[in-house]
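Here is a short briefing on the fold and a few side-chain contacts. Keep the structure open while you read.

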Amino acid sequence: MAEETMKDFERELNASFRVLNEGDIVDGMIVDINDEVVTLDIGYYVPGVVPINDISDDPDFSPMRDIKIGDNAQAVVIEKDDGKGNVLLSMKEANQAAAWDKLRKLFESQEIVNVRIKEQVPSGVIAYLEGIRAFIPASQLSLSFVEDTSEYVGKQLDVRVITVDENADKLVLSAKSVLREKEDDSNRRKISAIAPGAIFNGTVETLQPYGAFVQLENGLTGLVHISKICMKRIKKPSEVLKVGQEVKVKVLKVEDGKLSLSIKDVEMNTSDIIDKNDSVDDVPPTEYKSEEIPNNPFAALLSGIKLD
């Protein structure tokens, strides 16, 4: 008991000699939370107080929900005396310094984080990450064009940091890069399940001078080379195909994540065709049957004879 008393006395004595200056970053433990201030024990002979509106820039932040007594926190000294015998602190300034450092690390690692869209602005939306206001351009919200960004307000999105500039107070996020990666992973799984020879229904997506891109029913897209479109020779795919046309295709090859398709190979029914190289000897013999009823022994002898 005496030992603990001596340690407490030593801490108080050291705190009395400690000098704080405006702008210093101090570590402390939250000892009280009310509607006006958060009180920190900063190892000083008087406590530090943080006004509620000086904790975070995030409009969704709630002191009663997001922090609790016993939490450790950093704060910047604003005034050594707030007029009530306390040290006036700002957690917001300290959090911003730490936040920008973390945001730089998120940018370098390209880690996926989740944010909630707070508001709509011209050409994009606003979210908050690590308490810092972040902009997501409309072009980075989806894989497709987004005409009305207001439908995203209130939604949560997985994003990556694509621009971080503390000096310009600029933070830009992208959901598109995350969606693209997920789509690529899904496509790789779908492609790995496809074997050459498989036949799919598809829709002509685009026409090029060298062939047609066809989207399969599973969402994958493959190329039908111009030589594999039809039996006859054509100069351009548009002679026989049009965008949006439904076709059947056969998978010829799966290589490097790409599908090589053929329409011609589906249309060809080789089982009904005798190859030109087949000899007459390969054709099975025809059995001769007389339609007349034999009325003499010689005719009966001829009946049923097979002619080669």
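**Barrels and ring contacts**

Five strands form a closed barrel in the order S11-S12-S13-S15-S14, and their pairing is mixed. From one strand to the next, the twist averages 50°. The model is predicted. A closed barrel of five strands also runs S1-S2-S3-S5-S4. The points below take each barrel in turn, then the rings.

**Barrel S11-S12-S13-S15-S14**

- Strand S11 covers residues 199-208, and strand S14 covers residues 246-255.
- These two strands run antiparallel and are joined by five bridges.
- Thr 203 stands opposite Glu 246, which belongs to S14.
- In general, strands of a sheet pair through backbone hydrogen bonds, and the pairing is either parallel or antiparallel.

**Barrel S1-S2-S3-S5-S4**

- Pairing in the S1-S2-S3-S5-S4 barrel is mixed.
- The twist here averages 55° from one strand to the next.
- Strand S1 spans residues 25-33, and strand S2 spans residues 37-41.
- Four bridges join S1 to S2, and the two run antiparallel.
- Met 29 faces a partner in S2: Asp 41 stands opposite.
- Helix H3, residues 91-109, packs on the sheet.
- H3 touches three strands: S3 (48-51), S4 (72-79) and S5 (87-90).
- The direction of H3 makes about 120° with that of S4.

**Aromatic pairs**

- How many aromatic pairs does the count come to? The count comes to two.
- Tyr 44 and Tyr 45 form a tilted pair, 4.6 Å centre to centre. The angle between their planes is 45°.
- Is Tyr 44 buried or exposed? Tyr 44 is buried, because its relative accessible area is 16%, under the 20% cut-off.
- Tyr 45 has a relative accessible area of 56%. That is over 50%, so Tyr 45 counts as exposed.
- Tyr 210 and Phe 213 form an aromatic pair with ring centres 6.3 Å apart. Their planes stand at 90°, over the 60 degrees cut-off, so the pair is edge-to-face.
- Tyr 210 is partly exposed, because its relative accessibility is 40%, in between the 20% and 50% limits.
- Phe 213 is also partly exposed, with a relative accessible area of 24%.

**A charge over a ring**

- Which ring does the charged end of Lys 155 sit over? The charged end of Lys 155 sits over the ring of Tyr 152.
- The distance from the charged end of Lys 155 to the centre of the Tyr 152 ring is 5.2 Å.

Technical notes:
Residues are numbered from 1 along each chain as its sequence is written. This is a predicted model: local features need pLDDT of at least 70, side-chain atom pairs count only at pLDDT 80 or more; totals for chains, interfaces and linings use all residues. Side-chain values use heavy atoms; hydrogens and water are left out. Two strands pair if DSSP finds at least two bridges between them. Axes are lines fitted to C-alpha atoms, for helices over the stretch in contact, and angles run from 0 to 180 degrees between N-to-C directions. Contact means heavy atoms within 4.5 Å. Rings of Phe, Tyr and Trp (its six-membered ring) pair if their centres lie within 6.5 Å; planes under 30 degrees apart count as stacked, over 60 as edge-to-face and the rest as tilted. Buried means under 20% relative accessible area, exposed over 50%, partly exposed in between (1.4 Å probe, protein chains only). A charge sits over a ring if NZ of Lys or CZ of Arg is within 6 Å of the ring centre and within 35 degrees of the ring normal.
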